[in-house]
Amino acid sequence: MTDAAIPRFTGDASPYAGGDPYADHRTADFPFTHLVDLADRRLGAGVIAANDEFFAERENLLKPGPAVFDPEHFGHKGKIMDGWETRRRRGGSAAEPHPTPDDHDWALVRLGAPGVIRGIVLDTAHFRGNYPQAVSVEGASLPGSPSPEELLAPDVKWTTLVPRTPVGGHAANGFAVDAEQRFTHLRINQHPDGGIARLRVYGEVAPDPAWLTALGTFDLAALENGGQVEDASDRFYSPATNTIQPGRSRKMDDGWETRRRRDRGNDWIRYRLAAQSEIRAVEIDTAYLKGNSAGWAALSVRDGENGDWSEVLPRTRLQPDTNHRFVLDAPVRATHVRIDIFPDGGISRLRLYGSLTDEGATGLAARHRELGG
C-alpha cells in the first residue's frame, strides 16, 4: 500500500452531540500497525519537552489505549482534554492578528527503542474544532541520552519523515514513512497550534550491536533487543507481540490469548530473533492466565529463512499463572523460533536467553552501519 492510498482526513468534525464519542471518529486500517510501536512507554519512550502545553500536558501523547473524553471535565484553564493541547497562537499586533505561516508548536519524543520507522499515526480524537491545521514530523539519531537543549542545538541533523500536511479533527491521521534510517528521537510539529490526542510510531527495532555484545547473554526475542513476531495463528483477544514486551505481565490482557478452539488443531507464534544466536535457556510465563492458560507448549527453532524446523523443547505441561524455566541440554543455534501451544489459550511472555554468534554479531553490525548508526 502506497502513502497515496492511505486515507486522508481534513476539516472539523461535528460538535459532540452525546452518546459514544467515538461513533463519528474517522479512522482506517493502516498497513503498518502490525509492527511494534517504537514510542511505547513500556519500551521507555517519553515526551521530553514541548514549547507549550497550556491546556493539556504533552505526556498524554504516549498513553496506552485510546483517548478518553468527558464532556463535563473542566478546570481553571478550560476544557480538560486527554491529549497534548497548546494555547491559541496570535499575531504580533492588532494590524497582524493571525500567526505567521512559520509559527508552530513542537514536542520532542524519545523513542523507547531506536529503530526504522515505517508509519506514524497522529490521532486527534476528541479534538473536533481545536486540532492543528497541519502537522509535520522530523527524526534524528543521537547517541546516549541527549537533553532537550542538545537535541535543539543547531548542529543536530533532523530528517523530514512527514512533510507539513493538513489533518482532520477527531481522526486518526496516518502517514507511511520510507526513510531507511535508524532514529532515536522525533520532533512533532503542529501548525500553527491545537491538540493531538495520541502518537503511535510503528517500525522495526534496530538495536545497538555494541550494547548487545557487551551484555553477552541477553533475551534474544525481546522487542527492545530487536526480536519480533513474524506471524501467529490467532490474535483474537490480544496481540502476540505482548509476549516479548519488557517486564512481566501485570494483567490478563498484557499477554497473548487466543479464542477457544473447536477443532483438533493448536495455536502458535513464530518469532525472528535479533540476529543468529545460540539459545541456552527458555522461560515460558503464563502470569495472570489462570483459567485460560495454554495446557502444553513446545518450542522449535530454525537457522536461516529456509532452514528446517527442529524441536528443542518437547511438548511440556504448563501451569496457570506460573513462570516456567528450562535449561537446554546444549546451546541451540537459531535465527527463528516457534512456540506451539496445545490446544489453545495463551502465554504472557516468552524469554530466550543466549548470545549472538560471530556471524550474527557481524550481520547486526553491518545493518547498524547501513542505517546510519
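How many nonpolar, polar and charged residues does the lining of the second largest pocket have? I shall answer that question shortly. Please note first that the structure before you is a predicted model.

Let us begin with the answer. The lining of the second largest pocket has 10 nonpolar, 10 polar and four charged residues. This pocket holds about 640 Å³ of space. It is lined by 24 residues, and those nearest its centre are Pro114, Gly144, Arg182, Thr184 and Asp208. Three elements, β6, β10 (183-191) and α2 (209-215), each supply at least two residues of this lining. The largest share, five residues, comes from β6.

I turn now to the largest pocket, whose volume is about 1400 Å³. Its lining comprises 43 residues, of which Thr33, Asp37, Arg42, Tyr202 and Pro239 are the closest to the centre. Two or more lining residues come from each of β1 (36-37), β6 (105-123), β12 (198-205) and β14 (228-232). Here it is β12 that gives the largest share, with six residues. By class, the lining of the largest pocket divides into 16 nonpolar, 11 polar and 16 charged residues. As you may notice, β6 is named for the largest pocket and again for the second largest.

My next topic is the aromatic rings. A pair of such rings is described by the distance of the centres and the angle of the planes. The count for this model comes to five aromatic pairs. One of them joins Tyr16 and Phe69, with 5.1 Å from centre to centre and 75° between the planes, an edge-to-face arrangement. Tyr16 lies in the segment before β1, and Phe69 in the loop between β2 (46-50) and β3 (74-75), so this pair ties together parts that are 53 residues apart in sequence. Tyr16 is partly exposed, with a relative accessible area of 28%.

Why is the pair of Phe236 and Tyr237 edge-to-face? The ring centres of Phe236 and Tyr237 are 4.9 Å apart, and the pair is edge-to-face because the planes stand at 85°, where the class requires over 60 degrees. Phe236 is partly exposed, with a relative accessible area of 46%. In addition, ring pairs link Phe30, Phe32 and Tyr202 into a cluster. Tyr202 has already appeared among the residues closest to the centre of the largest pocket.

Finally, I draw your attention to charges placed over rings. The charged end of Lys79 sits over the ring of Phe74, 5.5 Å from the ring centre. Arg187 lies over the face of Trp158, at 4.5 Å from the centre of that ring.

Definitions and conventions. Residues are numbered from 1 along each chain as its sequence is written. This is a predicted model: local features need pLDDT of at least 70, side-chain atom pairs count only at pLDDT 80 or more; totals for chains, interfaces and linings use all residues. Side-chain values use heavy atoms; hydrogens and water are left out. On a 1 Å grid over the protein atoms alone, a cavity is a set of points where a 1.4 Å probe fits but cannot get out, and a pocket is an open set with protein on both sides within 12 Å along at least five of seven lines; lining residues have an atom within 4 Å of a point. Grid points are joined across faces, edges and corners, and a volume is the space filled by probe spheres set on the points. Helices (H or I, at least four residues) and strands (E, at least two) are DSSP runs, numbered from the N terminus. Ala, Val, Leu, Ile, Met, Phe, Trp, Tyr, Cys and Pro count as nonpolar, Asp, Glu, Lys and Arg as charged, and the others, Gly among them, as polar. Rings of Phe, Tyr and Trp (its six-membered ring) pair if their centres lie within 6.5 Å; planes under 30 degrees apart count as stacked, over 60 as edge-to-face and the rest as tilted. Buried means under 20% relative accessible area, exposed over 50%, partly exposed in between (1.4 Å probe, protein chains only). A charge sits over a ring if NZ of Lys or CZ of Arg is within 6 Å of the ring centre and within 35 degrees of the ring normal.
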